[in-house]
Amino acid sequence: KNCDPSISCLVGEAILNPRTQVIPSNNKARARSQHGSKGNVYSINRIEKWEEKITEANNNGKILVVYFSAPWCVPCKKIEPVFRELASRYPSMIFVTIDVEELAEFSDEWNVEATPTIVFLKGGRQMDKLVGAETSELQKKTAAAAELLLRKP
């Protein structure tokens, strides 16, 4: 497996660190990313928290923007500030982060094969997806999702 540090990093049974170390996805003694709930971004570290946020989005007709990342992923560090800025700009959507190592099985269920992966959900269903640290694409997709919310009946 390869990790192109400018675009995305592959994940799976083992996660390839850009420094060429293989980190088992079940290793609990790894460095953790500092994803707080700053601004309008919520860190999901338990399935119960995920269920709370997806229910909140569904009940309020909001779009849930899910950012799958890894603390060692260089492209994630590139796109994260843009993700946080978009969360502040679009309070009508709910933005969450999920560490693919912390919730590895959950990330697998969502077919996350590379980080960063950003999924847009409406009504619990995927409406769009972005794989890689393409900041302009993230901005376009987020603006399109916000536009969809404005046009709802």
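In which strand is the place of Ala114? Select Ala114 and look: it is in strand β8, residues 114-115. Keep in mind that this is a predicted model. Ala114 is buried, with a relative accessible area of 7%. Now add Ala70 to the selection. The two residues are 44 apart along the chain, and their C-alpha atoms are separated by 9.6 Å.

**The sheet**

Next, select β5, β7, β6, β9 and β10. These 5 strands form an open sheet, in the order β5-β7-β6-β9-β10, with mixed pairing. β5 and β10 (125-131) are the edge strands, and each of them pairs on one side only. From one strand to the next, the twist averages 25 degrees. Strands of a sheet pair through backbone hydrogen bonds, either parallel or antiparallel.

**Strand β6 and its partners**

Zoom in on β6 (63-69). How many of the residues of β6 are buried? The count is 7 of 7. Follow the side chains along the strand. Ile63, Val65, Tyr67 and Ser69 point one way. Leu64, Val66 and Phe68 point the other way. Both sets are buried.

Now show the neighbours. β6 and β7 run parallel and are joined by 6 bridges. Select Val66, and you find Val96 of β7 opposite. Move on to Phe68: its bridge partner in β7 is Ile98. Phe68 also stands opposite Thr117 in β9. The pairing of β6 with β9 is antiparallel, over 6 bridges.

**The hairpin**

Step across to β9 (117-122). Does β10 run parallel or antiparallel to β9? The two run antiparallel, joined by 6 bridges. Pick Ile118 and find its bridge partner in β10, Leu130. Then go to the turn. β9 and β10 form a hairpin with 2 residues between them. Gly123 is in that turn, and its phi is positive, about 60 degrees.

**Helices on the sheet**

Return to the parallel pair: β6 and β7 are joined by 6 bridges. Now select helix α2, residues 74-89, which packs on the sheet. α2 touches β5, β6, β7, β9 and β10. Its direction makes about 160 degrees with that of β6. Helix α4, residues 135-150, also packs on the sheet, touching β6, β7, β9 and β10. The direction of α4 makes about 160 degrees with that of β10. Trace the chain through β6, α2 and β7: together they make a right-handed β-α-β unit.

**Helix α1**

Select residues 47-59, which are helix α1. Check its length between the end C-alpha atoms. They are 18 Å apart, which agrees with the 18 Å that 13 residues should span at 1.5 Å a residue. Which residues of α1 are buried? Show Trp50, Lys53, Ile54 and Ala57. These four cover an arc of only 95 degrees around the axis, so they lie on the same side of α1. The buried residues pack against β5 (41-44), β6, β7 (94-99), α3 (104-109) and β9. Just past the helix, click Gly61, whose phi is positive, near 65 degrees.

**Last stop: Ser107**

Finish in helix α3, at Ser107. Ser107 counts as buried, at 2% relative accessibility. Which residues does Ser107 contact, leaving aside its neighbours within four places in sequence? Phe68, Ile98, Asp99, Val100 and Val112 are in contact with Ser107. Two of these names have come up before: Phe68 and Ile98 are bridge partners between β6 and β7.

Terms used: Residues are numbered from 1 along each chain as its sequence is written. This is a predicted model: local features need pLDDT of at least 70, side-chain atom pairs count only at pLDDT 80 or more; totals for chains, interfaces and linings use all residues. Side-chain values use heavy atoms; hydrogens and water are left out. The expected span of a helix is 1.5 Å times one less than its number of residues. Buried means under 20% relative accessible area, exposed over 50%, partly exposed in between (1.4 Å probe, protein chains only). The arc is that of the directions from the helix axis to the C-beta atoms. Contact means heavy atoms within 4.5 Å. Two strands pair if DSSP finds at least two bridges between them. Axes are lines fitted to C-alpha atoms, for helices over the stretch in contact, and angles run from 0 to 180 degrees between N-to-C directions. A crossover is right-handed if, with the strands pointing away from the viewer, the path from the first strand over the helix to the second runs clockwise.
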